[in-house]
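Visitor: I should like to learn how the features of a two-chain model are read. Could we proceed from the overall fold to the details?

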Amino acid sequence: MRRRLLVRHFLNQFIENDFAPDVDRHQILAVAAAALITLPLFATIFMSVKFLMQPLQSPGWTEMTTMGDQVVFCTTSLLVSAAIATLEWNALALSPRDSVILGVLPLPREEIVRAKVLALVVFAAAFVIALNALPILLHPPLTVANFQANPLLLIPLIAAHAVSTGLAGAFGFACVVGLREFLFLLLGERAFSRIGGTIRSGLLFSFLVLLVLAPIRLAGPATWMFEPGNVPAILQPVSWFAAIHAAMAGRVLEILPTPDLPDRLAAEENRLRTQYRRNLPRLTTLALKGAAGFAALLTLSMAVYLRNARRFHLLPEGHSSDAVLGVSSLSDRVASALTRRPATRAGLLFLVRTVAGNPSHRVYVTAFIATGMASLITMAPDAVFRSGVAERPIRTSELVAQTLMLTAVAAGFRAAIRTSADTRAAWVFGIAETSNDGEFRKGVRLGVIAAVVATVLLLFPVHAAAWGVSIAAAHAVIGVALGWLLVEVACASVERPLVWTIPPSDGLNTVGVVLLGVTVIVVLVLGAIERVALTTGARTAAFAGALALGAAVVRHVNERNHRSQSIAA
Amino acid sequence: MTPDSRTLEAHHLVKRFHGHAAVSNVSFALRPGEILGYLGPNGSGKSITLKMLTGLIDPTEGRVTYSGVDVTGGNIDFRRRFGYVPEEPHLYPFLSGREYLDLVTGLRDLPARAMRSRIDALLERFGLAEAAEQSISAYSKGMKQKTLLIAALMHDPELLILDEPESGLDVGAILLLRHLVRVLAERGRAILYSSHIVENVERLCTRVIVLSAGRVVVDGNVDSIRTIAPSGSLEEAFATLAAQQPDTLATEIADIVTNHA
């Protein structure tokens, strides 16, 4: 009874997480739950279309294609679970608050720890099941729909899918828990509480970038799994779980009937089938390695977790900043360099410190920047990965990459500044406010512009190495002008950035899809214009000037609107 | 265990953090019916002592006994016997006041039905009945403090450990708390009352321990401590014992605020 009460209480803590602000919590949870169901559903149908559209589907082709799909499913399950565990960072272990409240009750510490571990396992399992349920139920039947095979064959296929993606998800979750607990043990309570926020942000950023990249970079046949020695370290765990699927489902796929195929297709089918059969024992070995690796990770993580839980940790929450390290001193210097006005400076510093120190704001900005980073790598792989100036025309997609990155940064900051740092603490702005709150708003906007300019500067060496300094410089100038325009658009209608007492709602959630489509079209058009603009210095200047003029106009309109709203209020 | 033997004793408690002693050699005894004031300026080690007594943190040296039994580092039976109000209003913001009290009831293994009426009555008396179903995140500091007081009282503890319990309470609630503490002591409960507000301790406590920089600088009754100050004021005696010079400090602060150099 008491155990159940504790487990239920700890499960509540996973839902009432620190990354979701109080005012928007239920909306965020509803959107997250809907995404958890619909995104895997769409992804599964999208990935299954190729099977349904294959009029002469053969077992060999199915085996190889399914193996590729399974790599994507396992990667997604692993990364999404790891990202969720990172979002739950503070709820993964007993918090100082738990220690103070529960530590004085007549409960053995072991019972509290057991309940916490059980809640952790239940949460992870429930999440992994919810994430993978629809792919588990839909992908195997759609994979073999053309064969009109015995329906009982679906059972091992569904089981294989469930085991491989389930273990991948559990592995991702356990990795984060293990890493957190290992760092806690290594660094100690005080140092861990100082750098925990930085580590959490870094992990979340990495997982999100990989999550966006994975389906694009890993789509297609996963023949690399046949050479375990050549599998990149980052893909090792994924290869284990995809191999578990092959080991369980491979022999079932083998017995599927082969249709009458034209000679060319028959030869290809023969090659694929031979290749798969020859490598099946190797995949089985890889699967066993995966099972052993998973067991080792679980054992190690649990051992460290229980060791850390041997005593209560009472370091007060907020004793050390949860902020990203070094941000405070850096933002001080940037603010001093950019502005001398106290209210503007206050706005800029408040933005930087809120984004660095407040989990929900950090999640917004990190998620958008990670998406931008993934887009950058996807759209401009040559510019990012190949150094040395190439004698080749610059593709529009490469130019678009910077625009997408800047759009992501601006959108991330818009999401952040529309969220109140703390509705209850906003009173301080009410009483400190002078007659011109535009100065505070200007400071916030300056902070977002600084982030956009920093993004352009960080990309400059990459572009310079790929295209040469002159084109990269011209691209950077256009980037700064475009960034300014994006910031002005992003700050539109945000009258009281970070200090709302009533959360604003402009219906953007409902028109989000339309907005995304419009953004893609606008970005492509801008890329095409920029390609022409980069041909001469005069055109570059004209394009950058036009963008800057646009930014100035949007700013003027925004300020006029804010002033009229202030007067009306 | 006889009623007379229910004495809480701190024996030479020491707590060091990274070599620095936050509490040094603190010893005292608290008997049933006694209200022991635990006075000290901020950072003097009051809360750390209380956390050692409740078993939330282990002392570096020394031990805690209750009724002669060593309860250092916590003891399930001992935890059933005390109620604790922490210095910070640690509560789960996502629960309502009633949900929090229900949680504590369940975790203390108290009979739910009987406790429900007791909780209702306590919520009513503390003026929280209307807000009981509201989320704690919407509570004022005083409401949180009242919730903590109810949670500490509802199992009728033999011993009450109160760490600055008046924090955030309005005048009426402070008066209520003072009377409540007095009545509970009269009914044989032992009360350890930590505070930095001298007036509260002066009006309530039969005995006072003054802590400064982690050390006990005086342990005696209120009247004997008053004699330390020439004016006979406990406040001045406390300032003298805690090595504070409030008048000088106040002048310095006012100089900083008013001088616009």
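Visitor: How many helices and strands does the secondary structure of chain A come to?

Guide: The model is a predicted one. In chain A the secondary structure comes to 18 helices and zero strands.

Visitor: What percentage of the residues in chain A is buried?

Guide: Of the 569 residues in chain A, 43% are buried. Sequence separation adds to this picture: among contacts in chain A between residues at least 6 apart in sequence, 87% join residues at least 24 apart.

Visitor: Into which domains is chain B divided?

Guide: There are two entries to read: domain 1 covers 3–91 + 156–258, and domain 2 covers 93–138. Taken over C-alpha atoms, the centres of domain 1 of chain B and domain 2 of chain B are separated by 27 Å.

Visitor: Let us turn to the interface. How many residues does the contact take from chain A and from chain B?

Guide: Chain A contributes 20 residues and chain B contributes 19 residues. On the side of chain A that touches chain B, helix H1 (2–15) and helix H4 (96–102) of chain A each supply at least two residues. H1(A) gives the most to that side, with five residues. By class, the side of chain A that touches chain B has 12 nonpolar, four polar and four charged residues.

Visitor: How should the packing of H1(A) against H3(B) be read, and at what angle do their axes cross?

Guide: One general idea comes first: an α-helix has 3.6 residues a turn, so residues three or four places apart point the same way. In this case, the axes of H1(A) and helix H3 (residues 97–107) of chain B come within 9 Å and cross at roughly 145°. The crossing of H1(A) past H3(B) is left-handed. From H1(A), the contact is made by Arg2(A), Leu5(A), Leu6(A) and His9(A), and from H3(B) by Leu103(B), Gly106(B) and Leu107(B). These contact residues of H1(A) with H3(B) divide into four nonpolar, two polar and one charged.

Visitor: Is helix H1 of chain B mostly covered or hardly covered?

Guide: Helix H1 (residues 46–54) of chain B is mostly covered, with nine of its nine residues buried. Among the buried residues of H1(B) are Lys46(B), Ile48(B), Lys51(B) and Leu53(B). Just after H1(B), Gly55(B) takes a positive phi of about 85°.

Visitor: How many residues of H10(B) are buried, by comparison?

Guide: The count is zero among its 13 residues, and H10(B) is hardly covered. The length of H10(B) (residues 246–258) can also be checked: at 1.5 Å a residue its 13 residues should span 18 Å, and its end C-alpha atoms are 18 Å apart, so the two values agree.

Visitor: Which sign of phi should one expect outside glycine?

Guide: Most residues other than glycine have a negative phi. His18(B) is not a glycine, yet has a positive phi of about 50°. Asp156(B), likewise not a glycine, has a positive phi of about 50°.

Visitor: Where are His18(B) and Asp156(B) found, and why do they count as exposed?

Guide: His18(B) is found in the loop between strand S1 (8–17) and strand S2 (20–30) of chain B. His18(B) has 6 other C-beta atoms within 10 Å and is therefore exposed, since a residue is exposed if that count is 12 or fewer. Asp156(B) has its place in the loop between helix H5 (141–153) and strand S7 (159–163) of chain B. With 12 C-beta neighbours inside 10 Å, Asp156(B) also counts as exposed.

Methods
Residues are numbered from 1 along each chain as its sequence is written. Chains are lettered from A and ligands numbered from 1 in the order in which they are written. This is a predicted model: local features need pLDDT of at least 70, side-chain atom pairs count only at pLDDT 80 or more; totals for chains, interfaces and linings use all residues. Two residues are in contact if their C-beta atoms, placed from the backbone, lie within 7 Å. Helices (H or I, at least four residues) and strands (E, at least two) are DSSP runs, numbered from the N terminus. Ala, Val, Leu, Ile, Met, Phe, Trp, Tyr, Cys and Pro count as nonpolar, Asp, Glu, Lys and Arg as charged, and the others, Gly among them, as polar. Domain bounds come from an automatic or database domain assignment. Axes are lines fitted to C-alpha atoms, for helices over the stretch in contact, and angles run from 0 to 180 degrees between N-to-C directions. A crossing is left-handed if the near helix is turned anticlockwise from the far one by less than a right angle, and right-handed if clockwise. The expected span of a helix is 1.5 Å times one less than its number of residues. A residue is buried if 20 or more other C-beta atoms lie within 10 Å of its own, exposed if 12 or fewer, and partly exposed in between; C-beta atoms are placed from the backbone.
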